[in-house]
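Reader: I have just opened this model and would like a close look at one residue inside it. Please begin with its neighbours, then work outward to the parts around it.

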Amino acid sequence: MTSSDTPSPLLELTDIAVHFGGVKAVDGVTISLDEGLIYGIMGSNGSGKSTLLGAVTRLNPLTRGEMKFDGTQFTKVRPHQVAHLGVARTFQTVRLIDDRTVRDNVLLGLDTVSRRRRRELPDSAVDEVMERVGITAIQRVRPSELSYGMQRRVEIARAIVGKPRLLLLDEPTAGMNTAERDEVSELMRALQSEGLTQLLVEHDVAMMVDVCDYLFGMNQGELIAQGKPAAVVADKAVRESYLGKQAGDA
Ligand SMILES: Nc1ncnc2c1ncn2[C@@H]1O[C@H](COP(=O)(O)OP(=O)(O)OP(=O)(O)O)[C@@H](O)[C@H]1O
Ligand SMILES: [Mg+2]
């Protein structure tokens, strides 16, 4: 804790850039996330959303910029150390180990936490989280036998089993039907009530407006809007870059 009255944001990104050769996937993004809120990033395909999440977890090397977690710089730390800070994520493309059971895959989420935290977490945390996400009945099954929506639930379970402080969700409801989507929204709210800060990337605008406290709009690697969801969705630049394009794509 610092001595100042206002707590530091949980995550502070300053002038983040990730370039892949000539491609400026992320180019000068500055955002700050307060603890306990649900944030969302909107943006058309290729606008840099996943790359930004990858920058936070250090999967994508930074071209420039600075990052602070809970007031402490973590710009130079390695991916496993980011996990130790309490940052977890799900991937846009499901990444599960196919020759292990669902339960084993969720258990792997405990391997990413720090030793100290691991000692505090009983193996029963896995059973609790599977129950919560609705995958208890399929725990002996292998991921390849599951529907895409179910595989996504397993991913979410693996991400939250270590009780992270920040959860990054990259299109967690892709491939899900409306009822399943609602369940994910509900789960996100329940996790929020326990204090978990979340950053959601989703193309489903209705879900974003419904579940997020605050939205960011991205276009071509840059932040073009931020604010209350209704305002960002109505923002002219966001509509032109995203909603217009999406309608055109349909
Ligand atoms: N590893 C990489 N190497 C080269 N270019 C990359 C790499 N990863 C992403 N890009 C490029 O960076 C840009 C941003 O991609 P990114 O995946 O972050 O977009 P996105 O907003 O997540 O899009 P989507 O909505 O389709 O998931 C794209 O032009 C993409 O082709
Ligand atoms: Mg993406």
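Author: Let's start at I135, which touches V102, V106, M130, M150, R153, V154 and A157, leaving aside residues up to four places away in sequence. Contact here means heavy atoms within 4.5 Å.

Before we move outward, a word on the ground rules. This is a predicted model, where local features need pLDDT of at least 70 and side-chain atom pairs count only at pLDDT 80 or more, while totals for chains, interfaces and linings use all residues. Residues are numbered from 1 along each chain as its sequence is written, chains are lettered from A and ligands numbered from 1 in the order in which they are written, and side-chain values use heavy atoms, with hydrogens and water left out.

Two of those neighbours, V102 and V106, are among the buried residues of helix 3 (residues 102-111), together with R103, N105, G109 and L110. Buried means under 20% relative accessible area, exposed means over 50%, and partly exposed is in between, using a 1.4 Å probe and protein chains only. Helices (H or I, at least four residues) and strands (E, at least two) are DSSP runs, numbered from the N terminus. The buried residues of helix 3 pack against helix 4 (115-120), helix 5 (124-133) and helix 6.

Now zoom out a step. I135 is one of the residues with the most contacts inside the largest nonpolar core, which has 44 residues; M42, V106, L167, M188 and L200 are the others named for this. Domain 1 (11-86 + 165-249) and domain 2 (93-159) both give residues to this core, so the core lies between them. A second, separate core has 26 residues, among them L10, L13, V18 and L166. A nonpolar core is a set of buried Ala, Val, Leu, Ile, Met, Phe, Trp, Tyr and Cys residues joined through side-chain atoms within 4.5 Å. In soluble globular proteins, nonpolar side chains tend to be buried together.

The domain bounds come from an automatic or database domain assignment. The C-alpha centres of domain 1 and domain 2 are 23 Å apart, and their contact takes 20 residues from domain 1 and 12 residues from domain 2.

L200, one of the core residues named above, takes us to strand 8. Five of the five residues of strand 8 are buried, so this strand is largely enclosed by the rest of the structure. From strand 8, T197, L199 and V201 point one way, and Q198 and L200 the other way.

Strand 8 belongs to an open sheet of six strands, in the order 6-7-8-3-9-10, with mixed pairing. At the edges are strand 6 (87-90) and strand 10 (222-227), each pairing on one side only. From one strand to the next, the twist averages 20°. Two strands count as paired if DSSP finds at least two bridges between them. Strands of a sheet pair through backbone hydrogen bonds, either parallel or antiparallel.

On one side, strand 3 runs parallel to strand 8 and is joined to it by four bridges, with I38 opposite Q198. Strand 7 (residues 166-170) pairs with strand 8 (residues 197-201) in the parallel sense over five bridges, and D170 stands opposite V201.

Two helices cover strands of this sheet. Helix 6 (residues 148-160) lies across strand 6 and strand 7, at about 175° to strand 6. Helix 7 (residues 178-193) packs on the sheet and touches strand 3 (38-42), strand 7 and strand 8, its direction making about 155° with that of strand 8. Axes are lines fitted to C-alpha atoms, for helices over the stretch in contact, and angles run from 0 to 180 degrees between N-to-C directions.

Finally, two stops elsewhere. T75 is in the loop between strand 5 (72-73) and helix 2 (79-85) and is buried, at a relative accessible area of 15%. Its side chain makes a polar contact of 2.5 Å with that of Q73, and a polar atom of the T75 side chain lies 3.0 Å from the backbone nitrogen of M67. A polar contact is a pair of N or O atoms within 3.5 Å; within protein, one must be able to donate a hydrogen and the other to accept it, and residues adjacent in sequence count only if both atoms are side-chain atoms.

R64, in strand 4 (residues 64-69), is partly exposed at 34% relative accessible area. The side chains of R64 and D15 are joined by a polar contact of 3.0 Å, and R64 also touches residues including I16, A17 and H19.
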